[in-house]
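Visitor: I would like to learn how to read a model like this one. Please show me the structure, and then we can take some features in turn.

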Amino acid sequence: MSLDLTLIWALLIATAVFLYVVMDGFDLGVGILFPAVRGKAERDVMVNTVAPVWDGNETWLILGGGGLFAVFPLAYATILPALYMPLILMLLALVFRGVAFEMRFRAATVRSQALWDRSFSWGSYVAAFCQGICLGALVQGIRVEGRAYAGGWWDWLTPFSLLTGAALVAGYGLLGACWLIWKTDGELQLRAYRLARRLGCVTLAAIVIVSAAMPFLSAAFRARWIAWPNLVLAAPVPILVALLAWRFFVALDRRAEVTPFLCALGLFLLSYVGLGISLWPMIVPPAITIWDAATHPSSQAFLLAGAVVLVPMVLAYTGYVYWLFRGKVVAGAPGYH
């Protein structure tokens with residue numbers, strides 16, 4: 001039996017996107033939490049928890065986007081025109097946020113420090129919100145005629161896409177708070193515990209609302225989640241979400257440090273799996289499947305040979321950096337900005 005290269009590439013790109021979401025998610029979440037922390041010393045600690053890893057986290061976004069362009073050119077050519085505005089805003093926010101990240105350490109006055117702090121925070125908000133809008137716009141469907149985008153300039157802007165945008169901001173804030181629980185101590189850690197509890201409630205509420213709204217977007221979604229026997233097959237996802245949510249709040253009550261972050265990652269993973277169940281095998285809902293959008297198998301095989309070398313290298317580098325900078329971030333420690 002021959003390998004289905006299209007399926008392999010779909011899983012590879014889906015994995016890259018998920019790794020970007022959770023790894024850059026806590027990074028963006030730290031910026032989202034900036035307004036909840038006023039002191040410069042605490043904000044410096046927050047930024048230093050992600051300083052060694054934040055640029056490497058975005059490697060997965062490049063891999064996901066580059067893989068989509070090379071392996072699924074029809075999907076790339078359809079999704080981009082449909083989402084030009086939020087994608088451009090997201091990229092500009094990431095660039096602006098990256099500049100602010102570096103400049104805030106070199107601010108000469110209190111006023112300029114506050115300006116760069118606001119820039120870092122708002123760049124995080126805009127990037128997260130636009131990513132959520134893109135997700136919502138993709139899930140609700142993109143109008144296609146033949147093999148080309150047939151929608152309008154503002155089709156992405158709907159109540160559902162705004163809902164998913166707000167939900168992702170809350171989710172990233174939750175990841176950021178749980179990351180700070182793991183990487184800090186003292187008063188900042190206690191503040192992160194409180195923020196994690198509030199954002200955990202908001203994120204779970206958002207998961208419920210988005211999940212309840214999705215069956216009304218498409219008959220295919222209703223068939224995947226409500227119709228028999230799919231109802232039985234899909235039931236483990238919401239059950240696991242409920243169990244993981246319970247474990248998350250128990251971990252917060254017990255002042256666990258690593259478990260809340262792992263539970264938050266698990267909530268993102270289960271939400272991602274649920275999204276995959278809803279969309280499969282569509283890469284551009286409701287009409288283009290992964291096989292419709294894929295390039296020639298020979299091109300897929302050639303690109304996969306490169307990915308087999310590149311992906312382990314990125315994983316090894318990422319793992320080494322996280323291991324090298326393990327432990328708590330303490331003000332004044334070697335390497336501290």
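Guide: Begin with the cavity, keeping in mind that this is a predicted model. Helix H3 (54-57) and helix H15 (297-324) each supply at least two residues of the lining of the largest cavity.

Visitor: Which helix gives the most to that lining?

Guide: H15 does, with four residues. The general idea for a helix is that residues three or four places apart point the same way, because an α-helix has 3.6 residues a turn. In this structure, the lining includes Tyr317, Thr318, Val321 and Tyr322. Pro52, Val53, Gly56 and Asn57 also line the largest cavity.

Visitor: How many of the lining residues are nonpolar, polar and charged?

Guide: Five are nonpolar, three are polar and none is charged.

Visitor: What is the volume of the largest cavity?

Guide: Its volume is about 40 Å³. The count of cavities of 30 Å³ or more comes to one.

Visitor: Let us turn to helix length. What span should helix H7 have?

Guide: The expected span follows from a rise of 1.5 Å a residue, taken over one less than the number of residues. Helix H7 covers residues 110-140, which is 31 residues, so the span should be 45 Å. The end C-alpha atoms of H7 are 45 Å apart, and the two values agree.

Visitor: Which residue follows H7?

Guide: Gly141 follows H7, and the phi of Gly141 is positive, near 110 degrees.

Visitor: Now a single residue. Is Val250 buried or exposed?

Guide: The general idea is a cut-off: buried means under 20% relative accessible area. Val250 has 16%, so Val250 is buried. Val250 is found in helix H12, residues 236-253. For a sense of distance, Val250 and Lys183 are 67 residues apart in sequence, and their C-alpha atoms are 19 Å apart in space.

Visitor: How is the chain as a whole to be read?

Guide: Start with the inventory: the protein chain has 15 helices and four strands. Then compare its radius of gyration with that of a compact globule. For 337 residues the globule value would be near 20 Å, and the protein chain has 20 Å, which agrees. Along the principal axes, the C-alpha trace spans about 60 × 40 × 40 Å.

Visitor: What share of the residues count as buried?

Guide: Of the 337 residues, 47% count as buried. Contacts add another view: among those between residues at least 6 apart in sequence, 79% join residues at least 24 apart.

Terms used. Residues are numbered from 1 along each chain as its sequence is written. This is a predicted model: local features need pLDDT of at least 70, side-chain atom pairs count only at pLDDT 80 or more; totals for chains, interfaces and linings use all residues. Side-chain values use heavy atoms; hydrogens and water are left out. On a 1 Å grid over the protein atoms alone, a cavity is a set of points where a 1.4 Å probe fits but cannot get out, and a pocket is an open set with protein on both sides within 12 Å along at least five of seven lines; lining residues have an atom within 4 Å of a point. Grid points are joined across faces, edges and corners, and a volume is the space filled by probe spheres set on the points. Ala, Val, Leu, Ile, Met, Phe, Trp, Tyr, Cys and Pro count as nonpolar, Asp, Glu, Lys and Arg as charged, and the others, Gly among them, as polar. Buried means under 20% relative accessible area, exposed over 50%, partly exposed in between (1.4 Å probe, protein chains only). The radius of gyration is taken over C-alpha atoms; the globule rule is 2.2 Å times the number of residues to the power 0.38. Contact means heavy atoms within 4.5 Å.
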